[in-house]
Amino acid sequence: MSAWVLPDHIADVLPSEARHIEELRRELLDTARGYGYELVMPPLLEHLESLLTGTGEALGLQTFKLVDQLSGRMLGIRADTTPQVARIDAHLLNRQGVTRLCYCGPVLHTRPDRPHATREPVQFGAEIYGHAGLEADLEALLLALDCLKATKVGPLTVDMADARIVRSLLAGVDADAAHLSQVHAALATKDATELASLTKDFPGASRDGLQALIGLYGDGRVLDEAARVLPKSKLTQQALDSLRWLAAHVEGAAIRFDLADLRGYAYYSGMRFGIYTPGASDALVRGGRYDEVGAVFGRNRPAVGFSLDVKELVGVAAKRALKAAIRAPWLDAGKDAADLGAAIAALRGDGETVVCVLPGHESEVDEFHCDRELARDAGGRWAVRAL
């Protein structure tokens with residue numbers, strides 16, 4: 001095999017795309033900072049038990065594992081940054097009030113999570129800890145929408161659900177974890193036949209409620225229909241009321257509900273959402289409330305947040321116009337070189353891109369497409385002129 005061939009679903013990022021990714025990264029972080037979120041940079045790898053504690057089997061299967069040559073302990077390369085941020089909130093910051101944190105960096109997956117996806121996403125996320133009210137849910141959702149709007153993505157559709165509805169329907173059901181996992185999968189794929197088979201021995205109210213969830217998809221009328229057909233419970237009513245309140249406070253995006261959507265079920269303890277836009281193969285953003293995420297680190301604090309893959313985002317975000325550069329000659333000695341160097345330094349100090357053309361390469365084209373050049377004017381001074 002050729003030495004330059006990369007592993008499957010791993011790719012180099014070339015200049016134009018890399019530039020776009022970096023521009024989006026800056027806009028995302030700036031948007032989060034505008035809401036008061038502090039940047040953290042967790043390590044790429046940690047002790048495996050810390051990285052996977054409380055995250056469920058799915059993330060364990062997505063995590064690359066290796067042996068630390070210094071300690072002999074098992075390490076993992078992060079497949080998701082949320083558990084690390086929960087650890088930082090619980091142990092390193094240990095604040096009593098509200099904490100807002102954001103991050104942006106690579107994660108690594110053992111396999112792509114969907115067709116044509118990379119195994120090395122650049123994950124951006126924002127999380128708010130310490131507030132159990134709907135205000136935090138709304139802030140996370142509004143920040144996610146503003147992040148996408150800042151990167152010129154649209155139109156946007158928010159798809160909402162709540163993990164408490166399914167938990168209420170499964171309360172008291174006598175089934176092991178493997179069987180419940182199959183039920184979750186049947187709900188997520190809306191496979192009514194498989195769901196009927198899996199729930200045939202469930203109590204009637206649970207069985208009928210789970211079957212009803214498959215059809216509870218659409219606009220705000222779905223919540224009214226859910227209140228009518230689902231078994232009455234305090235938990236379900238709280239979930240429906242929360243979704244109704246959140247939807248009423250969101251502007252600039254279409255709202256729909258999919259009460260059978262269980263992607264990320266192991267994480268979420270309440271509201272969950274996905275944000276979609278034309279051209280994306282799946283949700284650009286996924287997030288919601290996950291109050292139990294910090295419990296394994298000794299602080300069971302309320303938590304809500306979201307994440308996205310910047311590499312995926314770059315495929316649907318509006319292309320940025322490249323700031324044109326200035327072409328400059330190359331001089332390597334004498335007073336002319338000193339004067340030229342000073343002129344180039346002044347332009348770069350003002351934020352201009354100045355590309356010095358190396359000897360013998362004057363006819364080559366580079367990514368910056370220079371539209372001006374630095375040349376001597378009639379008075380012998382170095383000045384910028386149009387090409």
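# Sheets, helix packing and backbone details in a predicted model

Student: What is the strand order in the open sheet of 9 strands, and how is it paired?

Tutor: The open sheet of 9 strands runs in the order E1-E5-E6-E12-E11-E10-E7-E9-E8, and its pairing is mixed. Strands (E, at least two residues) and helices (H or I, at least four) are DSSP runs, numbered from the N terminus, and two strands pair if DSSP finds at least two bridges between them. This is a predicted model in which local features need pLDDT of at least 70 and side-chain atom pairs count only at pLDDT 80 or more, while totals for chains, interfaces and linings use all residues. Residues are numbered from 1 along each chain as its sequence is written, and side-chain values use heavy atoms, with hydrogens and water left out.

Student: Which strands stand at the edges of that sheet?

Tutor: Strand E1 (38–39) and strand E8 (217–218) do, and each has a single partner strand, so one side of each is left without a neighbour in the sheet. E8 is joined to strand E9 (residues 254–258) by 2 bridges, and these strands run antiparallel; the bridge partner of Gly-218 in E9 is Phe-257.

Student: Which helix packs on the sheet?

Tutor: Helix H5 (residues 134–150) packs on the sheet, touching strand E5 (99–106), strand E6 (122–129), strand E7 (157–162), strand E10 (271–276), strand E11 (285–289) and strand E12 (303–309). Contact here means heavy atoms within 4.5 Å. The direction of H5 makes about 15° with that of E12, where axes are lines fitted to C-alpha atoms, for helices over the stretch in contact, and angles run from 0 to 180 degrees between N-to-C directions.

Student: Switching to the 3 strands that form an open sheet, what is their order?

Tutor: The order is E2-E4-E3, with antiparallel pairing. E2 and E3 stand at the edges with a single partner strand each, so one side of each is left without a neighbour in the sheet. From one strand to the next, the twist averages 35°.

Student: How many bridges hold E2 and E3 to E4?

Tutor: Strand E2 (residues 45–47) pairs with strand E4 (residues 74–77) over 3 bridges in the antiparallel sense, and His-47 has Leu-75 as its bridge partner in E4. Strand E3 (residues 64–67) is joined to E4 by 4 bridges, also running antiparallel; Phe-64 stands opposite Ile-77, and Val-67 has Met-74 as its bridge partner. The hairpin of E3 and E4 has 6 residues between the strands, and in this hairpin Gly-72 takes a positive phi near 80°.

Student: Now helices: how do H6 and H11 cross?

Tutor: The axes of helix H6 (residues 163–170) and helix H11 (residues 234–248) come within 8 Å and cross at roughly 165°. The two are therefore roughly antiparallel to each other, a label for angles over 145 degrees, whereas those under 35 count as roughly parallel, 65 to 115 as roughly perpendicular and the rest as oblique. Arg-164, Ile-165 and Ser-168 in H6 meet Leu-235, Thr-236, Gln-238, Ala-239, Leu-240 and Ser-242 in H11.

Student: And what is the angle between H6 and H9?

Tutor: H6 and helix H9 (residues 204–214) pack at about 155°, with their axes 8 Å apart, which makes H6 roughly antiparallel to H9. Ile-165, Val-166, Leu-169 and Leu-170 of H6 make the contact with Ser-206, Gly-209, Leu-210 and Leu-213 of H9.

Student: How many aromatic pairs does a search of the whole structure find?

Tutor: The search finds 2, counting rings of Phe, Tyr and Trp (its six-membered ring) whose centres lie within 6.5 Å, with planes under 30 degrees apart called stacked, over 60 edge-to-face and the rest tilted. The ring centres of Tyr-268 and Tyr-290 are 6.1 Å apart and their planes are at 35°, so the pair is tilted. Tyr-268 is in the loop between E9 and E10 and Tyr-290 in the loop between E11 and E12, 22 residues apart, and the pair thus links distant parts of the chain.

Student: Last topic, the backbone: which peptide bond is cis?

Tutor: The bond from Gly-154 to Pro-155 is cis, with omega near -5°, and Pro-155 is found in the loop between H5 and E7. His-9, in the segment before helix H1 (15–34), has a positive phi near 65°. Most residues other than glycine have a negative phi, and most peptide bonds are trans.
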